[in-house]
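The exercises below ask for a careful reading of one structure, each with a solution worked out in steps. Please keep the sequence and the coordinates at hand while working through them.

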Amino acid sequence: MTYQELFASILHQKSYLCVGLDTDLRKIPAHLQSEADPVFAFNRAIIDATAEYCVAYKPNIAFYEAQGPKGWESLRKTLDYIPKTHFTIADAKRGDIGNTSGLYARTFFDPSSAGLEFDSVTVAPYMGSDSVQPFLEFEGKWVILLALTSNPGGADFQRLSVNGKPLYEQVLTTSQQWAGADRMMYVVGATQADAFADIRRLAPDHFLLVPGVGAQGGSLEAVSRHGMNSHCGLLVNSARGIIYASSGPDFAQKARLEARAIQQEMEKYLDQFLPH
Ligand SMILES: O=c1ccn([C@@H]2O[C@H](COP(=O)(O)O)[C@@H](O)[C@H]2O)c(=O)[nH]1
């Protein structure tokens, strides 16, 4: 999916919601546990319930890897089930020396490798340009680079001063030499509202993947006010707040209501903050 197609999808859906498919087998409602593939059965119901309110889905790969081969199969079926109109993110936080990164890239981008073809993958920038480059060799695919993460420990390194500037600012400026806003996004936590204005100064056109609303307490209003650009430029993720809105047989119905409430708030912010 291109930058313009993603923006068109946001305008069409009146939403920049990304639903996090962080599906933990232990949290799946009892009535689904007897299914042949409870994780896929759960995800299918969540996708059916939320697709009209979101533009993207982000399975966090840890939740699937933890289940071994069965988990990878659930992930593959889930990815196949997501409507092609929706942007897909493998939240894998990969990155290694070049030849190893190349295999990570094949895993998530080349369907002849592991049977998966995501639109994008999250990548840790710590190992530098040659660790990111192999992901960019897949034309039309996106790298989503960790910049300023939502967790408290993110400050341990990301806010350290390097040449008088926080390290995350160096990540934003240096990485723009590797790819433009049409191939690269940045992860910025919703819990980091104070940094959004600076980030927008350094990366005015890029999409930001913003986790941390919902269960982590970040403010959708603050993110939208300070983070929106002329192409929206935001994909705001919520996982637990949507997919575990209920642990009973009505889990999908409750997930739908949560997603709809977020979409309605986003529609308001698109009217308010998107330059016309
Ligand atoms: O800085 C980051 C980067 C990634 N994440 C991931 O996003 C979701 C958040 O889930 P919630 O349940 O909505 O809190 C999860 O997959 C994280 O691993 C993040 O939270 N912060």
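A salt bridge is taken here as a side-chain nitrogen of Lys or Arg within 4 Å of a carboxyl oxygen of Asp or Glu. The model is predicted, and every value below is computed from it.

**Exercise 1. Salt bridges**

Task: establish how Asp 91 and Lys 93 are joined, and determine which residues make up the network to which they belong.

Solution. Begin with the distance: the closest N and O atoms of Asp 91 and Lys 93 are 2.8 Å apart, and the two residues form a salt bridge. Side chains of opposite charge can pair when their charged atoms come close. Next, consider the surroundings of each partner: Asp 91 counts as buried because its relative accessibility is 7%, which falls under the 20% limit, whereas Lys 93, at 42%, is partly exposed. Finally, extend the search beyond the pair: Lys 58, Asp 91 and Lys 93 are linked in a network of salt bridges. The structure as a whole holds 13 salt bridges.

**Exercise 2. Salt bridges within helices**

Task: for the pair Asp 80 and Arg 76, and then for the pair Asp 198 and Arg 201, find the helix in which the partners lie and their spacing along the chain.

Solution. Take Asp 80 and Arg 76 to start with: their side chains meet in a salt bridge with an N to O distance of 3.0 Å. Both residues belong to helix α4, which covers residues 69–81, and they are 4 residues apart, or about one turn of the helix. As for exposure, Asp 80 is partly exposed at 47% relative accessibility, and Arg 76 is partly exposed at 24%.

Turn now to Asp 198 and Arg 201, whose side chains meet in a salt bridge at 3.0 Å, N to O. Helix α10, residues 196–202, contains both of them, with a separation of 3 residues, again about one turn of the helix. Asp 198 is partly exposed, with a relative accessible area of 30%, while Arg 201 counts as exposed because its value of 54% is over the 50% limit.

**Exercise 3. The setting of strand β10**

Task: decide whether the residues of β10 are buried or exposed, and identify which strands pair with β10.

Solution. First count the covered positions: 5 of the 5 residues of β10 are buried. Then separate the two faces: Leu 234, Val 236 and Ser 238 lie on one side, Leu 235 and Asn 237 lie on the other, and all of these are buried. Next follow the pairing: strand β1, residues 17–21, runs parallel to β10 and is joined to it over 3 bridges, with Asn 237 in β10 as the bridge partner of Cys 18. Strand β9, residues 208–210, is also parallel to β10 and joined to it by 3 bridges, and here Leu 209 has Leu 235 in β10 as its bridge partner.

The loop between α11 (220–227) and β10 (234–238) contains Asn 229, which is buried with a relative accessible area of 7%. A polar atom of the Asn 229 side chain lies 3.2 Å from the backbone nitrogen of Gly 233. Leaving out residues up to four places away in sequence, Asn 229 touches several others, including Tyr 3, Arg 200, His 206 and Pro 275.

**Exercise 4. Covered and uncovered side chains**

Task: decide for each of Val 187, Phe 196 and Tyr 126 whether it is buried or exposed.

Solution. Val 187 belongs to strand β8, residues 184–188, and is buried at 6% relative accessible area. Beyond its neighbours within four places in sequence, Val 187 is in contact with residues among them Thr 122, Ile 144, Leu 148, Leu 209 and Pro 211.

Phe 196 is in helix α10 and counts as buried, at 0% relative accessibility. Apart from residues up to four places away in sequence, Phe 196 touches Val 188, Gly 189, Leu 208, Val 210, Val 223, His 226 and Gly 227.

Tyr 126, in contrast, counts as exposed at 73% relative accessibility, and its place is in the loop between β4 (120–123) and α7 (129–136). Together with Ile 97 and Met 127, Tyr 126 forms a nonpolar patch on the surface, whose combined accessible area is about 370 Å².

Notes. Residues are numbered from 1 along each chain as its sequence is written. This is a predicted model: local features need pLDDT of at least 70, side-chain atom pairs count only at pLDDT 80 or more; totals for chains, interfaces and linings use all residues. Side-chain values use heavy atoms; hydrogens and water are left out. Buried means under 20% relative accessible area, exposed over 50%, partly exposed in between (1.4 Å probe, protein chains only). Contact means heavy atoms within 4.5 Å. Patches are made of residues with over 30% relative accessible area and no salt bridge: like charges are joined within 9 Å, nonpolar side chains (Val, Leu, Ile, Met, Phe, Trp, Tyr) within 5 Å. Accessible areas come from the Shrake-Rupley method with a 1.4 Å probe; for residues, only the protein chains shown count as cover. A polar contact is a pair of N or O atoms within 3.5 Å; within protein, one must be able to donate a hydrogen and the other to accept it, and residues adjacent in sequence count only if both atoms are side-chain atoms. Two strands pair if DSSP finds at least two bridges between them.
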